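These are my notebook entries on one structure. I set down what I looked up, with the cut-offs I applied.

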Amino acid sequence: MHCQVQITGTVLEFNSDKNEKVIPQANVIWLNSTIGTSTDENGNFSVPYKNEFKKIIISSVGYRTDTITVNRPNLGKIWLHPNLELEEILIRKKLNPIQKSLFQIQNVVNVDSREMLKAACCNLSESFETNPAVDVNISDAITGAKQIQMLGLNSPYLLFTQENMPSIRGASQIYGLSFIPGSWIESIQITKGAGNVLNGFESISGQINTELVKPLTDYKFFLNMYANIFERYEFNARYNKKLSEKLATGFYLHSNLRNGKIDHNSDNFLDIPLAKQINFMNRWQYVDPLKGWVSFFNAQYLFDEKQTGEKSFNPDIDKFTNNAWGSEVKSSRLDLFAKLGYVFPDLPYQSVGYQMAFSHHNQYSYYGLNEYNIEQQSYYSNLIFNSIIGSTQHKFKTGLNFTFDNFNEDVNRHSWDRRDNSVGAFFEYTYDNLDKLSFVLGIRVDNHNRLGAFITPRLHLRYSLWNRASLRFSGGRGKRAANIFTENQQFFASSRSVNIENNGGNIYSLDSEIAWNTGIGLIQKLYLWDRAFDFSVDYYITDFEEQVVVDWENPREISFYNLKGNSVSKSLQLDINYELFQNLNLRLTYKNYDVKIDYNSGTLQKPLQPEHRFFMNISYETPRKTRESQWKIDFTIHWTGEQRLPNTVSNPIEYQLGTYSESYSIMNFNLTRVLNEKIDLYLGGENIGNSVQKNPILGADDPFGSYFDSTLLYAPVLGGTYYLGFRFKLRH
């Protein structure tokens with residue numbers, strides 16, 4: 001903004017009838033200055049702006065003085081509250097719940113808890129309904145498991161972390177997103193492209209980190225109850241106890257029950273599984289800022305059970321018989337993690353931290369006559385040292401990492417047991433110059449018992465092109481071992497036979513997966529007609545050196561083999577965010593994917609991957625009146641273009657599909673009534689346009705026959721879903 005820019009606004013109050021009333025002659029002055037003005041008879045003001053000004057103070061006799069952060073030329077309506085009705089002074093700084101920073105070196109989207117309240121948001125997989133950073137797909141028509149994609153690649157190529165420690169990997173890859181309740185999440189950081197080297201070598205297309213609520217800063221008590229028309233019920237409760245100003249503990253409980261046998265498409269199969277889950281966590285937090293100590297300890301236990309299949313299926317009678325087709329998935333999981341950090345009191349830029357996590361995951365499952373069981377014990381530890389080289393403009397992080405995984409895996413009584421362990425060391429240098437150039441250069445060296453010894457380089461760069469515009473570049477290498485059965489277990493719900501081409505590799509006789517990811521992006525923030533506007537575009541290429549190809553072009557088989565040619569994923573995304581008028585925000589996103597793989601049958605576009613996606617979200621909040629009452633409404637459209645379908649021409653004609661699917665749209669809305677600072681009531685609808693796939697299960701009329709296949713799913717199975725619920729919050 002230039003010195004000629006005028007900051008404008010209107011100062012009002014809510015009278016006893018809760019109607020707006022202008023406040024004339026209110027004082028408007030820049031913080032720490034003598035420059036200011038007064039409102040006119042209509043409550044309007046206009047005051048000149050300078051770059052050094054950040055906040056403006058609004059005051060009037062008989063009203064509480066308010067301080068506003070100036071982030072746009074037109075501040076719109078500003079409401080003052082009478083002094084007599086207030087017991088304390090609050091200063092609010094309103095930030096968008098989804099933020100992209102101009103100064104962060106990596107391409108990171110920060111999503112805070114307010115965004116997750118715009119949807120039913122019962123678990124992590126449902127936390128992305130109102131933002132376009134990632135794509136959410138349903139893996140198959142039987143289990144209803146939601147899968148996340150980024151840059152055109154499935155979730156195994158993403159690194160999931162919880163408070164910056166790896167989670168949702170190995171045995172929990174398919175169902176793990178539903179094991180993190182949305183009400184426990186404080187914020188989500190979505191990083192596109194190769195991540196940093198601190199968290200390991202497995203990240204290829206990006207990283208999703210979840211931060212959980214903290215006992216010292218969370219509500220004393222929180223309660224959320226939810227129900228929908230398909231007999232799904234959710235219960236969430238948190239209780240936090242401050243034992244001192246430095247120490248607090250929290251007890252978090254989540255449970256859900258889905259009890260309705262729903263079959264709206266009349267194919268004799270449940271449209272969504274019967275399910276129940278109990279999830280408990282005890283959390284401890286200790287912070288001593290004077291002595292520099294910070295620590296966390298978590299203990300979490302989960303039991304999750306799903307049953308699906310034909311409506312008449314009774315597990316006690318029909319399990320492993322041809323009476324009726326059915327499936328059960330029972331998972332239990334124990335997680336323990338601890339973090340200990342120390343900031344040197346005399347050297348605040350220098351710190352040392354230690355992270356450790358242990359998990360035991362056990363899944364017993366069967367899909368019709370196919371049995372699949374997996375048990376995994378994991379241990380992870382990471383030691384990190386942070387400091388500077390000469391000045392805070394030159395920072396570095398270095399440390400040591402150890403990971404151990406023990407798998408006991410059985411596929412139809414055939415054992416695939418194995419042990420993985422790796423030891424690694426990493427170093428990351430950061431040059432931080434907010435004015436122009438900043439970059440992060442990282443490298444790590446690992447020795448893995450099955451992947452061998454290898455180097456992982458990563459580079460992230462940000463350059464300030466001009467005022468409020470940043471150009472970013474990232475590049476890096478990722479390497480991983482594919483867990484072919486657990487990552488693709490939806491194929492057990494079909495008549496396909498499993499075919500592994502033996503290539504003498506160390507992982508299911510296959511080789512590892514190695515890919516290079518490079519990307520470039522631009523973000524521009526400005527003011528358009530005095531309203532905040534930002535535009536961003538990014539383009540990423542993921543090029544595989546080695547890959548385990550999942551080939552389902554033969555409708556009788558699922559084949560796994562090493563890539564013999566090329567596999568490239570190209571992703572383009574355009575984003576626009578604009579405040580149409582005060583408190584009414586618009587988000588628009590277009591995505592284009594070009595994902596091609598060399599199969600044994602030739603080069604093909606990845607199946608069930610739309611080339612085009614479009615997203616629109618509109619949200620509006622009414623001003624907060626006395627006692628904090630407020631309305632919030634949110635509306636979202638996801639449009640998904642046509643998708644190439646796997647080849648089914650060798651099937652009888654009644655079991656064949658076309659070459660491409662139809663495009664479709666999903667519309668969601670959420671309406672929240674904030675009664676006061678303690679109680680919210682909400683209701684909403686998902687897929688209110690009833691976009692469903694007509695025949696989601698191929699061969700549903702003969703589930704034990706040769707053509708049964710529930711994996712060819714390109715659109716929702718469940719139609720319009722309507723829900724309601726409430727939240728109760730009690731502060732310390």
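**Entry 1: Met356.** I began with Met356, which I found in strand 23; strands (E, at least two residues) and helices (H or I, at least four) are DSSP runs, numbered from the N terminus. I worked on a predicted model, so that local features need pLDDT of at least 70 and side-chain atom pairs count only at pLDDT 80 or more, while totals for chains, interfaces and linings use all residues. Residues are numbered from 1 along each chain as its sequence is written, and side-chain values use heavy atoms, with hydrogens and water left out.

I noted a relative accessibility of 22% for Met356, which therefore counts as partly exposed (buried is under 20% relative accessible area, exposed over 50%, partly exposed in between, with a 1.4 Å probe and protein chains only). Leaving aside neighbours within four places in sequence, I listed its contacts (heavy atoms within 4.5 Å) as Met165, Leu336, Phe337, Ala338, Tyr379, Tyr380 and Ser381. I also looked up a long separation in sequence: Met356 and Asn668 are 312 residues apart along the chain, and their C-alpha atoms are separated by 40 Å.

**Entry 2: aromatic pairs.** I searched the whole structure and obtained 30 aromatic pairs. Rings of Phe, Tyr and Trp (its six-membered ring) pair if their centres lie within 6.5 Å; planes under 30 degrees apart count as stacked, over 60 as edge-to-face and the rest as tilted.

Phe320 and Tyr366 form a tilted pair, at 5.1 Å centre to centre and 50° between the planes. Phe320 lies in the loop between helix 2 (315-318) and strand 22 (326-343) and Tyr366 in strand 23 (residues 351-367), so this pair ties together parts 46 residues apart in sequence. Phe320 is partly exposed at 35% relative accessibility, whereas Tyr366 is buried at 0%.

Phe385 and Phe396 form another tilted pair, with 6.1 Å centre to centre and 50° between the planes. Because Phe385 lies in strand 24 (residues 370-389) and Phe396 in strand 25 (residues 391-411), the parts tied together are 11 residues apart in sequence. I recorded Phe385 as partly exposed at 27% and Phe396 as buried at 15%.

I further noted a cluster in which ring pairs link Tyr367, Tyr372, Trp416, Phe485, Phe492, Tyr508 and Phe560.

**Entry 3: Asn386 and a pocket.** I placed Asn386 in strand 24 and recorded it as buried, at 18% relative accessibility. Beyond its neighbours within four places in sequence, Asn386 contacts Tyr349, Gln350, Ser351, Phe396 and Lys397.

The second largest pocket holds about 1,100 Å³ of space. On a 1 Å grid over the protein atoms alone, a pocket is an open set of points with protein on both sides within 12 Å along at least five of seven lines, a cavity is a set where a 1.4 Å probe fits but cannot get out, and lining residues have an atom within 4 Å of a point. Of the 39 residues lining this pocket, Asn164, Asn196, Leu198, Asn386 and Lys397 are the closest to its centre.

**Entry 4: cavities.** My search of the whole structure gave 9 cavities of 30 Å³ or more, where a volume is the space filled by probe spheres set on grid points joined across faces, edges and corners. I read about 820 Å³ for the second largest cavity. Its lining has 48 residues, and those closest to its centre are Pro166, Ser167, Ile168, Arg169 and Ser378.
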